[in-house]
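Colleague: I have not looked at this one before. Can you take me through it?

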Amino acid sequence: MILVLIIVLFFVGEVREVVAEPTAPFSFQIQQVSGICPQSRKTRKAPSRYLKKKIPILATSENLAKGKRLFNQDAKPTACKLCHGARGNGNGSLARRMAPPPRNFTCSEVMKDLPPGQLFWIIRNGSRGTAMPAHKPTLKPEEIWQLILYIKSFLAA
Ligand code: HEC
């Protein structure tokens with residue numbers, strides 16, 4: 001009797017695996033190009049005078065639109081979306097096999113602990129030893145804050 005039960009359970013397991021098969025390549029892809037939440041984050045901490053900074057501009061639709069434009073096309077050396085993804089999930093076309101992966105801005109578990117000044121400092125100076133470039137020569141402080149307003153909007157989406 002127990003033997004029959006074991007055999008039945010074994011078959012149920014097999015069937016489950018087969019049924020689960022079609023979704024497998026999808027989850028594999030997500031893992032490979034990040035979109036992972038929470039990501040392990042080893043980014044250096046901004047100096048405390050940055051961590052205390054408040055966003056000095058308002059989240060007006062104009063500022064958000066400017067941030068979006070920079071994120072998707074205007075930022076130099078390359079648009080942020082190529083790494084961070086148009087949906088902000090760290091899944092951009094250049095992100096494949098990047099280690100560490102670009103930050104997933106849709107992950108509240110990680111993003112809620114990052115003050116705006118931390119984001120500002122990394123966008124301005126880059127994250128040393130990673131693909132995250134410094135934008136000090138190409139973005140004005142106001143443009144960086146517009147980008148931060150836009151990045152924060154991924155959490156609400
Ligand atoms: C070439 C790829 C690439 C581009 C382009 C890029 N990033 Fe990043 N970004 C990364 C990577 C990789 C990380 C993760 C760095 C780390 O783990 O320290 C990152 C991290 C970040 C972080 C997280 C900082 C933190 O403290 O966790 C912010 C904010 C950010 N990027 C904003 C931007 C913005 C805004 C742009 C466009 C102006 C941009 N990035 C363009 C690859 C990129």
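Modeller: What follows goes through the chain, its core, the ligand shell and a few loop residues.

Modeller: This is a predicted model, in which local features need pLDDT of at least 70, side-chain atom pairs count only at pLDDT 80 or more, and totals for chains, interfaces and linings use all residues. Residues are numbered from 1 along each chain as its sequence is written.

Colleague: What is the mean pLDDT of the chain?

Modeller: The mean is 86, and 78% of the residues reach 70 or more. pLDDT is the predictor's confidence in each residue, from 0 to 100.

Colleague: Where does it stay under 50?

Modeller: Over residues 12-33, and for that stretch the model has five contacts beyond four places in sequence. Two residues are in contact if their C-beta atoms, placed from the backbone, lie within 7 Å.

Colleague: How many helices and strands are there?

Modeller: Eight helices and zero strands. Both are DSSP runs numbered from the N terminus: H or I over at least four residues for a helix, E over at least two for a strand.

Colleague: And how many of the residues count as buried?

Modeller: Of 157 residues, 27%. Buried takes 20 or more other C-beta atoms within 10 Å of a residue's own, exposed takes 12 or fewer, and partly exposed is in between, with C-beta atoms placed from the backbone.

Colleague: Which residues touch the most others in the largest nonpolar core?

Modeller: L147 and I148, in a core of 20 residues. The elements giving two or more residues to this core are α4, α7 and α8, and α8 gives the most, with six. A nonpolar core here is a set of buried Ala, Val, Leu, Ile, Met, Phe, Trp, Tyr and Cys residues joined through C-beta atoms within 7 Å.

Colleague: What does L147 touch?

Modeller: Leaving out residues up to four places away in sequence, L147 touches G67, L70, F71 and I123.

Colleague: Stay with α8. Which of its residues are buried?

Modeller: I144, W145, Q146, L147, I148, Y150 and I151. What covers them includes α4 (61-74) and α7.

Colleague: What span should α8 have?

Modeller: Its 16 residues should span 22 Å at 1.5 Å a residue, and this agrees with end C-alpha atoms 24 Å apart. The expected span is 1.5 Å times one less than the number of residues.

Colleague: New topic, the ligand. Which residues come nearest?

Modeller: T43, C80, C83, S127 and M132, out of 26 around the ligand. A residue is near a molecule or strand if its C-beta atom, placed from the backbone, lies within 6 Å of it.

Colleague: Which element gives the most to that shell?

Modeller: α7, with four residues. The shell divides into 17 nonpolar, seven polar and two charged residues.

Colleague: Now the loops. Which peptide bond before P38 is cis?

Modeller: The one from C37 to P38, with omega near -5 degrees. P38 sits in the loop between α2 (24-32) and α3 (48-51). Another cis peptide bond joins A99 and P100, with omega about 0 degrees.

Colleague: What about phi of R97?

Modeller: Phi of R97 is near 60 degrees, a positive value in a residue other than glycine. Most residues other than glycine have a negative phi. R97 is in the loop between α5 and α6.

Colleague: Is R97 buried or exposed?

Modeller: Exposed, because R97 has 9 C-beta neighbours inside 10 Å. S93, in the loop between α5 and α6, counts as exposed with 11 such neighbours.

Notes. Nonpolar A, V, L, I, M, F, W, Y, C, P; charged D, E, K, R; others polar.
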